[in-house]
Amino acid sequence: MDSPAGKTTSETPAFLRALAGETLKVPPVWLMRQAGRYLPEYREVRAKAGSFLALCYNPELAAEVTLQPIRRFGFDAAILFSDILVVPQALGQKLWFAEGEGPRLEPVADAARLSEIDSEANAGKLDSIIETILRVRASLDRGTAFIGFCGAPWTVATYMVAGRGTPDQGPAKTLFHADPALFEAIIDRIVAASITYLNAQIAAGVDAVQIFDSWAGALGPEDFRRWCIAPTRRIVEGVRAVHPQARIIGFPRGAGRLIPDYVKGTGVDAVGLESDIDREFAREVIQPLVPVQGNLDPLTLRAGGPELEEQVEAVMGAFGSGPFVFNLGHGILPDTPIAHVERLLKAVRG
Ligand code: CP3
């Protein structure tokens with residue numbers, strides 16, 4: 001089947017065939033956060049690296065943890081092991097992870113602080129991530145696709161402005177109401193850095209990139225158009241200007257009924273679906289526009305029980321008759337039993 005992403009053959013990895021619009025009998029499957037703390041082999045390498053960020057910037061170890069879930073489970077796609085917050089760090093913002101709590105940054109909430117982070121000071125840090133991609137590409141078999149990623153400008157900006165994760169994205173919302181020009185300037189920096197970064201990832205060998213907009217659901221329709229759709233479109237255009245064949249997955253988590261606008265407005269090739277989306281709406285209104293990816297609830301996977309197979313069936317029943325990539329609706333939880341992942345794969349693949 002022809003698509004903007006180019007021609008596929010039976011040799012093309014299943015994940016890329018689905019992204020190109022093919023309906024497959026057995027959908028390709030990978031899981032968000034598939035490299036992570038639920039795997040003992042990950043915890044071992046993470047301890048060796050010393051910290052999460054040290055692991056992200058160590059190409060040998062980051063490549064190793066990227067490949068671990070592929071070796072153990074044979075997922076259809078590997079995702080680069082890194083984080084969305086390496087982009088603000090590359091822009092010169094201080095970043096660290098408070099053990100057991102999450103990311104911390106020195107907040108950017110006025111023009112003076114923005115001028116400080118408008119530097120290329122740390123741009124070299126991203127070189128080590130590109131090196132990770134070269135290493136993974138060299139050892140990944142041809143049937144397994146390789147996914148790169150960045151955070152969407154809105155979601156990255158929520159962390160840059162608040163200096164941490166917040167329940168309601170209040171600090172970022174306050175700033176775009178109080179000083180939209182300053183907020184726009186922050187978004188512009190993220191857009192420019194993300195285009196450069198994704199283009200470098202594609203040049204180094206990833207097959208597709210995903211743009212994570214984890215906090216898209218926090219915005220009403222107008223703000224969503226301005227702060228999610230418009231900047232994401234600029235990234236899509238900036239990537240396609242250099243790599244016209246690039247496959248781009250958008251994941252505006254929580255956008256629900258605004259997803260069709262997002263797909264048309266951004267030009268992404270495929271879209272991720274959160275767990276609590278109305279599946280009938282997604283099948284009837286979103287999937288005819290683009291291939292969809294999702295949307296098993298990570299809590300269902302963690303809980304196991306007969307409900308797990310039932311819910312896998314429900315996801316497959318909703319999306320399996322069109323172009324579809326099986327995934328979760330958000331990242332796998334750190335206390336998920338490995339046996340549940342094995343059961344999920346069996347249920348998807350038969
Ligand atoms: O999917 C993958 O396996 C690829 C790696 C990946 C990570 N983070 C590794 C990670 C990806 C794609 C991300 C994206 C990311 N990072 C997002 C968007 C997706 C989402 O989850 O909503 C966001 C918002 C972040 C920022 C971030 N990084 C937070 C809020 C946290 C703390 C919460 C947590 O789970 O600990 C992180 C840490 C993080 N990123 C870990 C991993 C494996 C855990 C670090 C550890 O090993 O202790």
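**Exercise 1.** Which atom of the ligand does a polar side-chain atom of Asp-83 lie 2.7 Å from?

*Solution.* Let us start with the ground rules. This is a predicted model, where local features need pLDDT of at least 70, side-chain atom pairs count only at pLDDT 80 or more, and totals for chains, interfaces and linings use all residues. Residues are numbered from 1 along each chain as its sequence is written, and side-chain values use heavy atoms, with hydrogens and water left out.

Step 1: look for a polar contact, a pair of N or O atoms within 3.5 Å. Step 2: the partner of Asp-83 is a nitrogen atom of the ligand.

**Exercise 2.** Find ligand oxygen atoms that have polar side-chain atoms beside them, then see how much of the ligand is covered.

*Solution.* Step 1: Ser-214 places a polar side-chain atom 2.5 Å from an oxygen atom of the ligand. Step 2: for Arg-46, the distance from a polar side-chain atom to a ligand oxygen atom is 2.7 Å. Step 3: the protein buries 87% of the 860 Å² that the ligand exposes when taken alone (Shrake-Rupley method, 1.4 Å probe).

**Exercise 3.** Describe the shell around the ligand.

*Solution.* Step 1: count residues with a heavy atom within 4 Å of the ligand; 21 residues surround it, and Arg-33, Tyr-42, Arg-46, Asp-83 and Ser-214 are the closest. Step 2: sort this shell by class, which gives 13 nonpolar, 4 polar and 4 charged residues. Here Ala, Val, Leu, Ile, Met, Phe, Trp, Tyr, Cys and Pro count as nonpolar, Asp, Glu, Lys and Arg as charged, and the others, Gly among them, as polar.

Technical notes:
Polar contact = N/O pair within 3.5 Å; in protein donor to acceptor, adjacent residues only side chain to side chain.
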